[in-house]
Amino acid sequence: MTDLFEPLTLRGVTLKNRIGVSPMCQYSCAEDGKPTDWHLQHLLSRAVGGVGLTITEAAAVSPEGRISPADLGIWDDGQIPGHRRLAEGIAAMGSVPGIQIAHAGRKGSRKQAWLHGPAEPGWVPVGPSAAAFQGYAVPRALSDVEIGQVVADTAAAARRSIAAGYRFIELHAAHGYLLHQFLSPLANQRNDGWGGDFDGRVRLTEECARAVREAIPDEVPLCVRLSHTDWVEGGWTTAETVALSARLKALGVDMIDVTSGGLDARQAIPVGPGYQVPGAEAVRDGAGVAVAAVGMITEPEQAQAILSEGKADLILLARALLRDPYWPIHAAAALGRTEALRVAPQYERGLGTLGTMGRDDGVGMPMDVLT
């Protein structure tokens, strides 16, 4: 039985527990795409709260790959120092630093999520076909040459991510963004080698995964986020996700982050606690690859049950960690597992009432103090 506080090793990286920060867009950059103090406080506060893995929001592989002008980017070497500060900070708080790299495709050139509407000024979004997401601008269909550039940009973003110090790379192929657009027949209307049948539609995701795997060290794990279903008749399906996941595993992908939806506004999602976990279980069982489960996982007992029942290998939390950055510590107390935690000595006086915990003397301490 897998325990929520049991380490997880993927290639040469070991997470201290099975809890991670799911990528969450913050829309808090200037147009240069560089991380800000907001990103630092947002992610480091979750890292010190006890998660084993901390993944940044989607970092665009090119300027036109952003959702909004306020998105994080990793398309330029000048962005590396800000990411290095972020990755080093996460590691100093006792968590493994990860990054999600992405291209928004036809869902780009928008204002921040809480403002809505097109970006001003914006850009012409791109996609597999000139088919718009409902209510968004009509994208320009990518040429063969431009598709090749997306692959090259993705590999270059992965190399910059490694240079910045990230130890876990996630490729975003879900939520209706570019790679997902190529996967789904609802968005991909091409009849060339990048569309049509299953082999054509999965080609770009496979090419990007292969390029990233070749661009990063062998010891660094590669994860791909997939929407296991579009929740729309005639769209991308769970069975196709399982088949693609098996192919990705053969390409050197170590984990599939299983989510759903985001491709078509007609989606009919049966939202409820753990509503995406069946997709994760299907991929784990059908493709024989490690999976992360996400989606309305809020209670410690719920998270533990998902692992205990063999439905996932890792729990990624988003809204639950926005509400409570110390969710892992509170979960350990609720499950009677505080002995499995090591907490920062600076916080012992406040956390000691929850139970007996080990001390991690290195968390948050300057290197000259440690040496």
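**Pockets and cores of a predicted model**

Me: What classes of residue make up the lining of the second largest pocket?
Reply: In this predicted model, that lining has 9 nonpolar, 3 polar and 3 charged residues.

Me: Which residues are closest to its centre, and what is its volume?
Reply: The second largest pocket has a volume of about 190 Å³. Lys16, Asn17, Gly50, Leu341 and Arg342 are the closest to its centre, out of 15 residues that line this pocket.

Me: How much space lies in the largest pocket?
Reply: The largest pocket holds about 1,300 Å³ of space. Its lining is formed by 45 residues, and those nearest the centre are Pro23, His175, Tyr177, Arg225 and Arg319. Two or more lining residues come from each of β13 (314–317) and α9 (319–323).

Me: Which element gives the largest share there?
Reply: That is α9, with 4 residues of the lining. By class, the lining of the largest pocket has 22 nonpolar, 16 polar and 7 charged residues.

Me: Turning to the interior, which residues touch the most other members of the largest nonpolar core?
Reply: They are Ile101, Ile169, Ile256, Ile315 and Trp327, in a core of 87 residues. Helix α5 (residues 198–215) gives the most to this core, namely 8 residues.

Me: What does Ile169 touch?
Reply: Leaving aside residues up to four places away in sequence, Ile169 touches several residues, among them Ile99, Ile101, Val212, Leu222 and Cys223.

Me: Which residues does the second core include?
Reply: This separate core of 15 residues includes Leu15, Ile55, Val96 and Ala290. In soluble globular proteins, nonpolar side chains tend to be buried together.

Conventions: Residues numbered from 1 in each chain as written. Predicted model: local features only at pLDDT ≥ 70, side-chain atom pairs only at ≥ 80, totals over all residues. Heavy atoms only, no water. 1 Å grid on protein atoms, 1.4 Å probe; cavity = no way out; pocket = protein on both sides within 12 Å on 5 of 7 lines; lining within 4 Å. Points joined across faces, edges and corners; volume = space filled by probe spheres on them. Nonpolar A, V, L, I, M, F, W, Y, C, P; charged D, E, K, R; others polar. Core = buried A, V, L, I, M, F, W, Y, C linked by side-chain atoms within 4.5 Å. Buried < 20%, exposed > 50% of the residue type's maximum accessible area, 1.4 Å probe, protein only. Contact = heavy atoms within 4.5 Å.
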